[in-house]
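These are my notes from a session of looking things up in one structure, entry by entry.

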Amino acid sequence: MRKKIAVFISFSSGLFLVIGLLLLFQYGTAQAKAVPNQAAVIESGITYLQTQQQPDGGMNGFSGVSDPDMTARSVIAFNAAGKSPREMASSAGNSMLDYLAAQAITFTHDTTGTLFPGRAGLLIAAVKLAGEDASGFGGMNLAGELETSFHPDTGAYSTTAKSEFSSGAASDLSQAWATLGLGIDGRKVPESAVNYMIQSQASDGSWGAGDPDTTALAVSALMASGNVTNQGEVIKRAIQYFHDTQAPSGGWKPSWDTDPLNADSTGWILEALISAGEDIRGQSWNTKLANPLDALMSLQKPDGSIGGTYANAYSTAEAIIGLVGIPLTNLANPSANHQAGLVIYYGEDSYFTTCVSFTDSALTGLQLLERSDLAIQTATDPNKGTAVCKIDGVGSPSSDCFGSMPNYWSYWQMGANGWEYSVTGADQAKVTDGAVNAWSWGTGNPPALITFQNTCEGMAIVLPTSTQTSAPPTGTPEPTAVATIASATLPPIATPVPAGSRNTPGSYIVYASILLVLGVLIIYLFRSRRK
């Protein structure tokens, strides 16, 4: 009897031990997959940057004193985060803009008074985003002077300026900063300046001899110029370069960096992807470990800085630029720029989202869809108008627009209680700042609500299991007529799996190992009991 009790106790102890291991593994996995709050990460990063401000108003550079380059980047980060640089004064009462105004001439010129085009572009971007006039900042017409450095024959912004390691000679980096600064300032960028950048793109889609930061800046600059679209071949090649060079960590890094990812590179690449209309939380940007946004947020240190081995003001500012999730050109003139979200539900939990910026007081639903650059096929009925037959390869051909009925593309607008079917054609429906429209393929309502915060402000999208039904709901709406749309192509993006719910191959191996141990323990105890 005592032997049986001992065996039973041994068996029970072993069983509880294995169950405990399972619970600890589950808890540890859940803890490892916890995703930081995006707004909290940005706020903590801004708080850290405030500790790096020097008495003269400038930001601490790599040498331990105020640096105009670092300060200009911090101004961009502050404005991206919705913070006014004027409101952040140093212990001596100086703001970052006070410091930049005092340093503007010496930062952007060499000792002979010759302009550095790249530095001028950086400062113009910072000044414009802060609401200042780049035509009179620091006692000079910085934007006008940059425009005079343009060479129509080559398309380059270049000068003979020299100072230590800096040069005004034509380069990918200098051209990108000059183009971005003028684009943010709302100035017309010559087509030949854009062609210079297009022609200097390497065969792998990069700029700057394969430098990820320069490549990201070039994409943002090209989009800011207004001379290319996200469907242009130059942008597509750059996007492919980012796919090809994405690290397993979910982020990016230069070839010299030994960390899993680099905050500077990842921040600028996020800005580039967002400017090009990419869904940075979409399945195509997810690695086995994380998407780039979550990967970058994971680099935040307890003091609020964001970075790897060498987290500092520089890495934190550039990380914030990417984390905010808004193209810099949209921040340049908030009073004139409006945004509306667009969601395309392809069915089976596959969807595409984009944020469309516009300066008009309002758009029609048709115009919103047109500006998404998705490939559309339509059919026109003289009595009923034009209907959308196919979006991005999903649907019916225009020759048989409703051949898949009861499935068709229905048009929806977000109302007070969620998605509301639009009884007005998309070419008449009004879209204003902050609105969200949806197109849904199938027979019922869109499967889940995606908000303006999801499409335009970077908030994570978490969809439930699809609720699409096989039969149409009561009172299935009739197809809504819309107008013809121009063609472009973007692939549908599968629904991202909520953080903490994915199982990796490694987790299955661990589970199998634990179960194997449990099986062996049971067999051993059973045999011991029989002896």
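I count a contact when heavy atoms lie within 4.5 Å. The model I am reading is a predicted one, and I keep that in mind in each entry below.

**Entry: Ser-305**

I began with the neighbours of Ser-305 and, leaving out residues up to four places away in sequence, I found that Ser-305 touches Tyr-48, Leu-299, Gln-300, Ala-311 and Thr-316. I then placed Ser-305 in the loop between α12, residues 292-297, and α13, residues 313-323. Is Ser-305 buried or exposed? I noted a relative accessibility of 2% for Ser-305, and because buried means under 20% relative accessible area, I list Ser-305 as buried.

I also looked at what the side chain of Ser-305 meets, and I recorded a polar contact of 2.7 Å between the side chains of Ser-305 and Asp-303. For the backbone I took the C-alpha atoms of Ser-305 and Ser-315, which are separated by 7.9 Å while the two residues are 10 residues apart along the chain.

**Entry: disulfides**

How many disulfides does the structure hold? I found 2 disulfides, and with the bonded cysteines counted along the chain their pattern reads 1-4, 2-3.

I took up the disulfide of Cys-355 and Cys-456, whose sulfur atoms are 2.0 Å apart. This pair links distant parts of the chain, with Cys-355 in strand β6 (residues 350-358) and Cys-456 in helix α16 (residues 452-456), 101 residues apart. I read 105° about the S-S bond of Cys-355 and Cys-456, and I note the link as right-handed. The two ends are not alike in accessibility, for Cys-355 is partly exposed at a relative accessible area of 24%, whereas Cys-456 counts as buried at 2% relative accessibility.

I went on to the disulfide that joins Cys-389 to Cys-401, with an S to S distance of 2.2 Å. This pair also links distant parts of the chain, since I find Cys-389 in strand β9 (residues 385-391) and Cys-401 in the loop between β10 (394-395) and β11 (408-415), 12 residues apart. The torsion about the S-S bond of Cys-389 and Cys-401 is about -110°, so I record this disulfide as left-handed. Both Cys-389 and Cys-401 are buried.

**Entry: backbone exceptions**

I looked next for backbone geometry outside the common pattern, bearing in mind that most residues other than glycine have a negative phi, and that most peptide bonds are trans.

Which residues does a cis peptide bond join? I found Met-405 and Pro-406 joined in this way, with omega at about 15°, and I placed Pro-406 in the loop between β10 and β11.

I then noted Glu-164, which has a positive phi of about 55° although it is not a glycine. I find Glu-164 in the loop between β3 (162-163) and β4 (166-167), and with a relative accessible area of 79% I list Glu-164 as exposed.

Asp-392 is another residue other than glycine with a positive phi, near 55°, and its place is in the loop between β9 and β10. Is Asp-392 buried or exposed? I read a relative accessible area of 10% for Asp-392, and therefore enter it as buried.

How values were computed
Residues numbered from 1 in each chain as written. Predicted model: local features only at pLDDT ≥ 70, side-chain atom pairs only at ≥ 80, totals over all residues. Heavy atoms only, no water. Helix = DSSP H or I, 4+ residues; strand = E, 2+ residues; numbered from the N terminus. Buried < 20%, exposed > 50% of the residue type's maximum accessible area, 1.4 Å probe, protein only. Polar contact = N/O pair within 3.5 Å; in protein donor to acceptor, adjacent residues only side chain to side chain. Disulfide = S-S within 2.5 Å.
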